[in-house]
Amino acid sequence: MPPGPRYTSFVVLLLAAACDPDRGAQLERTAAEREAAFAERTTEVRAAGVADRPVARWELPGALSEVSGLAIAPDGRLFAHGDETGDLFEIDYRSGIVVKRFSLGPDDVTADFEALAIRGSTFWLLTSRGRLYEFEEGRNGERVPYRTAEPPVGEDCEEFEGMTVDGDALVIACKKARKAFGGALHLYRWPVGSRSAERIEVPADSIRARMPEWEEFSASGITRRDDTGTFILVAGPEQGYLEVSAEGRIIVARALPADHGQPEGVAWTSDGMLFIADEATGRTAAVTIYPEPLR
Amino acid sequence: MAFFTRMMDLATGGSESPVRRLLVYYAFLVLVTTVLVRVFPPANVLFAGERLEEAIVIPQLLNDGLASGTPLAMLGETDLSPRLQSVLTTFVVMIGALFLMLPVSWVYMAVRRSTGYAQSIVQTMLVLPIVVAGVVLVVRNSLALAFSLAAIMAGVRFRNNLRDPRDTVFIFLSIGVGLAAGVQALTIAAVLSLVFNVLILTIWRTNFGRSPLNLAPRAGWAEPLETLIDTADARAIPDRDLVLSLTPEKADALAERFARVRDMLGGGDGKSKKPRYNGVLKVTVSDEAAGRAAVEPVLKELTKRYHLDGVETAEGRPLALYYLVRVRKKAADDVVSAILGCGGDAIQGAEFEIATKDDATRP
């Protein structure tokens with residue numbers, strides 16, 4: 001069938017219907033609108049002085065439905081990762097746009113990743129068994145080389161789920177310590193590369209004294225407040241929120257606001273924003289942003 | 001329908017070319033779609049396939065969980081309520097799937113009208129994509145809903161064997177169009193439908209893939225021979241290519257030879273009580289004289305009687321001696337081994353076929 005003018009015009013018409021050259025510009029417009037709305041809402045909520053009111057909640061895509069960790073880079077960018085693969089996502093938290101994604105490589109890396117920490121340009125992913133994956137930040141779509149390490153945290157903890165940076169050290173939160181410890185919360189402060197880690201213990205009694213309904217506090221995420229030097233922790237099973245001092249003294253213990261199904265990650269920015277990531281359990285996975293730490 | 005046909009005649013200048021009429025139909029759909037998107041821009045999301053992109057790649061723009069407290073808006077940015085959006089989206093998606101499957105059903109009716117036409121397939125083709133699109137709209141990106149759907153489908157357990165693989169292709173297309181419509185990629189569904197139709201029509205018009213042995217001039221002759229290759233019949237000839245390669249002259253020659261063999265064997269007329277011969281022995285030899293010298297003493301010993309019926313020579317193939325033999329059934333098994341064992345380099349192979357009561361036993 002020779003492509004006569006009628007058929008050519010038909011094909012052109014079909015292609016014209018499918019094309020959308022305006023899409024990139026539309027994304028930029030949406031980002032600008034969202035950033036303005038974010039700033040306005042942050043100001044409004046801070047002025048109202050209601051810490052429990054989120055300023056944004058970004059629902060995460062399928063690849064992050066099992067979001068396990070959050071971390072803030074020194075320049076204030078938010079990173080998140082999933083549970084099973086070594087894929088990292090940078091999210092512009094003001095506009096809810098996924099800026100980039102990079103992966104551990106060169107081949108797919110699968111492990112039970114539970115926490116992320118960033119210091120300078122160095123990233124660490126932690127598995128539930130306490131293995132560290134260290135790597136540098138990659139460009140969008142890039143696969144980055146990595147090396148692994150085993151922090152000397154001993155055999156007292158059966159499962160790790162949180163990690164944050166404290167100066168030159170990594171602070172690793174134990175979700176489930178051995179039964180002999182009677183439900184105490186253990187944090188391990190490990191100066192990176194050293195041969196030993198300091199254990200910070202939050203006694204079970206002190207936790208129960210503040211929150212009697214908690215048998216223990218199964219930490220699933222931890223972050224450090226640079227302004228006070230304290231640690232903020234969240235717990236999935238208890239849907240709990242805890243702020244403890246560097247010595248393990250409890251400062252805040254409370255239940256999370258009702259909208260959190262299964263908190264798995266927490267992060268804090270130097271301008272006071274608090275981020276809590278929830279895995280998708282009966283609802284969409286999301287990152288919720290509060291204007292300041294919970295009280 | 002008459003109005004539609006008149007419009008189609010008008011648009012195609014009365015052309016009966018199915019391809020031309022189809023292209024006009026699709027052009028009409030594109031026109032309607034373009035007008036719809038111009039008048040109501042948010043509807044563009046139903047055609048652009050953005051939802052499909054969200055399902056298979058990481059979307060750049062995350063959904064604002066505080067803004068609406070509802071699932072992702074189905075249409076683009078619009079003032080319509082989410083419920084109305086949902087209704088409109090479902091309606092457009094289903095109507096779109098139907099309009100894209102209509103031409104497929106016409107093509108099916110055209111290409112299958114002579115053989116294997118099934119009205120149920122036509123009706124299924126129209127309804128199935130609508131159902132699939134509806135299911136996909138319900139499931140969306142929810143893994144839990146997808147698993148629930150799989151469980152429900154497993155419970156329903158509907159199964160149907162389609163007679164012709166070509167019907168299966170039409171059903172697959174229905175599912176494909178339904179899926180594309182369900183993920184709001186009606187453009188993909190349209191291209192799928194268009195390319196499929198043009199391809200099927202082309203294959204049909206050119207009779208592409210026909211058997212090279214079933215050439216048109218011989219088609220009339222080959223048809224009666226088809227009965228010889230009925231696989232359900234134990235007496236049938238298993239080599240389909242052999243049967244269909246016969247020209248009328250070859251078939252006549254073969255029939256004459258069969259008749260002569262039957263006369264020699266006897267018993268075929270229903271009058272003789274006992275056939276004179278009850279088996280055919282084929283011996284391949286390198287040399288006729290040496291072969292006969294080796295074979296015939298064995299036949300003298302093992303058979304009641306034998307007769308050299310023919311010597312087949314063909315360039316590039318070994319010489320074949322055909323013997324009609326009368327042999328006791330108990331000795332039938334020994335004939336081939338005895339021939340092969342009788343020796344000499346002259347014997348290259350032997351095959352023996354013995355007639356039984358049902359004429360179907362091979363020793």
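**Notes on the two-chain model**

1. Starting with chain A: 41% of its 295 residues count as buried. Keep in mind throughout that this is a predicted model. The secondary structure of chain A comes to 3 helices and 21 strands. Take the contacts in chain A with a separation of 6 or more: 48% of them are between residues 24 or more positions apart.

2. On to the cores. The largest nonpolar core has 78 residues, and L70(A), A80(A), M163(A), I172(A), L233(A), F275(A) and V287(A) are the ones with the most contacts inside it. Strand β12 of chain A, residues 169-177, supplies the largest share of this core, with 6 residues. Another core, of 42 residues, lies apart from that one, and A97(B), L100(B), M125(B) and L128(B) are among its members. As general background, nonpolar side chains tend to be buried together in soluble globular proteins.

3. M163(A) is a handy residue to click on if you want a look at the 78-residue core. Leaving out residues up to four places away in sequence, M163(A) touches A115(A), A117(A), W124(A), L126(A), L170(A), V171(A), I172(A), A173(A) and I222(A).

4. Next, a sheet in chain A. Five strands make an open sheet with mixed pairing, in the order β2-β3-β4-β5-β9. The edges are β2 (69-72) and β9 (143-144) of chain A; each has a single partner strand, so one side of each is left without a neighbour in the sheet. At the β9 end, β5(A) and β9(A) run parallel and are joined by 2 bridges. In that pairing, L104(A) has V144(A) of β9(A) as its bridge partner.

5. Two backbone spots in chain A deserve a look. Most peptide bonds are trans, and most residues other than glycine have a negative phi. Against that background, G105(A) and P106(A) are joined by a cis peptide bond, with omega about 10 degrees. P106(A) sits in the loop between β5 (97-104) and β6 (113-119) of chain A. The other spot is Q239(A), which is not a glycine yet has a positive phi of about 45 degrees. Q239(A) belongs to the loop between β16 (231-235) and β17 (240-244) of chain A. Is Q239(A) buried or partly exposed? Q239(A) counts as partly exposed, because it has 18 C-beta neighbours inside 10 Å, and being buried takes 20 or more.

6. Chain B has a glutamine of this kind too. Q184(B) also has a positive phi, near 60 degrees, and lies in the loop between α8 and α9 of chain B. With 28 other C-beta atoms within 10 Å, Q184(B) is buried.

7. Staying with chain B loops, R163(B) is found between α7 (143-156) and α8 (165-182). R163(B) counts as exposed because it has 10 C-beta neighbours inside 10 Å. The C-alpha atom of R163(B) is 9.9 Å from that of A118(B), although the two residues are 45 apart along the chain.

8. How do α2 (residues 18-39) and α9 (residues 186-206) of chain B pack? Their axes are 10 Å apart and the angle is about 175 degrees, and α2(B) and α9(B) are therefore roughly antiparallel. On the α2(B) side the contact is made by P18(B), V19(B), L22(B), Y26(B) and L29(B), and on the α9(B) side by A190(B), L194(B), N197(B), V198(B) and L201(B). By class that gives 9 nonpolar residues, 1 polar and no charged ones in the contact of α2(B) with α9(B).

9. Last, the sheet of chain B with its helices. The sheet is open, has 4 strands in the order β3-β4-β2-β5 and pairs in the antiparallel sense. Its edge strands, β3 (303-312) and β5 (347-354) of chain B, each pair on one side only. From one strand to the next the twist averages 20 degrees. Strands β2 (residues 279-285) and β4 (residues 319-327) of chain B pair over 7 bridges, and V280(B) has L324(B) of β4(B) as its bridge partner. Helix α13 (residues 288-302) of chain B lies across β2, β3, β4 and β5, at about 10 degrees to β4(B). Helix α14 (residues 329-342) of chain B lies across β2, β4 and β5, at about 170 degrees to β5(B).

Definitions and conventions
Residues are numbered from 1 along each chain as its sequence is written. Chains are lettered from A and ligands numbered from 1 in the order in which they are written. This is a predicted model: local features need pLDDT of at least 70, side-chain atom pairs count only at pLDDT 80 or more; totals for chains, interfaces and linings use all residues. Axes are lines fitted to C-alpha atoms, for helices over the stretch in contact, and angles run from 0 to 180 degrees between N-to-C directions. Angles under 35 degrees count as roughly parallel, over 145 as roughly antiparallel, 65 to 115 as roughly perpendicular and the rest as oblique. Two residues are in contact if their C-beta atoms, placed from the backbone, lie within 7 Å. Ala, Val, Leu, Ile, Met, Phe, Trp, Tyr, Cys and Pro count as nonpolar, Asp, Glu, Lys and Arg as charged, and the others, Gly among them, as polar. A nonpolar core is a set of buried Ala, Val, Leu, Ile, Met, Phe, Trp, Tyr and Cys residues joined through C-beta atoms within 7 Å. A residue is buried if 20 or more other C-beta atoms lie within 10 Å of its own, exposed if 12 or fewer, and partly exposed in between; C-beta atoms are placed from the backbone. Two strands pair if DSSP finds at least two bridges between them.
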